[in-house]
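Visitor: Got a minute to go through this model with me? I'd like to start in the sheet.

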Amino acid sequence: MDLLTDLFAHHGLIAVALAVLLEQLGAPLPSTPVLLLAGVEAAGREGFGVRAFLTATVAAQLANGLWFWAGRRLGRRVLSALCVISISPDSCVRQNEASFARRGVLTLVIAKFVPGLSILAPPLAGALGMPARRFLAWNLLGSALWAGVAIGVGRLFHEQIDALLRALSRLGSVAVLLAGAALLGYLAWRLWRRALLQRELNRFERVAPAEVAALLAQGRPVLLVDVRATAPGAPATPRLPGARHLDLGALGDAALAGWPMAEEFITYCACPNDASAVKAAQWLKQHGHPARVLRGGIEGWTAAGFTLETA
């Protein structure tokens, strides 16, 4: 632990930059402990807290800007890769979509404080068509607030954190083993949680695009349900013919008010493993409506050669 504190004393800003950059790029390594250490260091070094704050904010803005650009260029396809990189459950896409539906750009302010929202909020904002200036402004506010709070907490409780570090230092190599075990346990928990949710997603019944097209051609009372989130001010996106939009952020008794009666609901999204569509279908079933999920979502529909309509 003495080596750790010495390294941080000499290379603290580099540690802050790397920790924040790696986490915000998707590595499953929390950077908050490093920011807390920066707060502790700030208690004994004049001006270090401000420099660490600026470094963390810029690093987060840089990483988030890259993911926003990727979301803008590649659309929601980038979300599938990011879920794998971050070992994050596919339902994190649904959580982000629901948050954007309820809060709009405020999602970017609170994202870094909520597990599951931080990593996917920037690329999802890009995929939803949020204007770049709007994203940069609100994301900068969120990054600054997050970095300031973490460093401020470290500065406020620097004596307690320093005492904890000294206690760990007395443990010697045992402390290193405990830290390694904690990190491995954290990664194992993330993987286990992902496996459970993946199994739940895979169990839900799906229907192929060709079968849905055949049901529509036969005039069957089937209603397509679009559960993709929309960003405030973003242009309307093409949808499946006759689809109705269901807001995952406002599921309630009035969510289906005014909808036509249907023999079956078929939900679809544009997200990894149809996670949002599964959530909507589960909710519909709980309320007594037969529901299945379109396999592959809107991308599977277009890949099968079927057309879309303008919302």
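Visitor: How many residues of S5 are buried?
Guide: Five of the five are buried, so S5 is largely enclosed by the rest of the structure. Buried here is under 20% relative accessible area, exposed is over 50%, and partly exposed lies in between, using a 1.4 Å probe and protein chains only. Strands are DSSP runs of E with at least two residues, helices are runs of H or I with at least four, and both are numbered from the N terminus.

Visitor: Which way do the S5 residues point?
Guide: Glu 264, Ile 266 and Tyr 268 point one way, while Phe 265 and Thr 267 point the other way.

Visitor: Before I trust that, what kind of model is this?
Guide: It's predicted, so local features need pLDDT of at least 70 and side-chain atom pairs count only at pLDDT 80 or more, while totals for chains, interfaces and linings use all residues. Residues are numbered from 1 along each chain as its sequence is written, and side-chain values use heavy atoms, with hydrogens and water left out.

Visitor: And what's the mean pLDDT of the chain?
Guide: The mean is 81, with 83% of residues at 70 or more; pLDDT is the predictor's confidence in each residue, from 0 to 100. Among the elements, helix H5 (residues 91-103) has the lowest mean, 64, and helix H8 (residues 132-156) has the highest, 93.

Visitor: Back to the sheet. In what order do the strands sit?
Guide: The order is S1-S6-S5-S2-S4, in an open sheet with parallel pairing. Two strands pair if DSSP finds at least two bridges between them. S1 (206-207) and S4 (244-245) are at the edges with a single partner strand each, so one side of each has no neighbour in the sheet.

Visitor: How many bridges join S5 to S6, and how many to S2?
Guide: Three bridges link S5 (residues 264-268) to S6 (residues 291-294), with Ile 266 partnered by Arg 292. Five bridges link S5 to S2 (residues 222-226), and there Asp 226 has Tyr 268 as its partner.

Visitor: Which strands does helix H12 touch?
Guide: H12 (residues 275-286) packs on the sheet and touches S1, S5 and S6; contact means heavy atoms within 4.5 Å. Its direction makes about 170 degrees with that of S6, on a scale from 0 to 180 degrees between N-to-C directions of axes fitted to C-alpha atoms, for helices over the stretch in contact.

Visitor: Last one: how many helices and strands are in the chain?
Guide: There are 13 helices and seven strands, and 44% of the 311 residues are buried.
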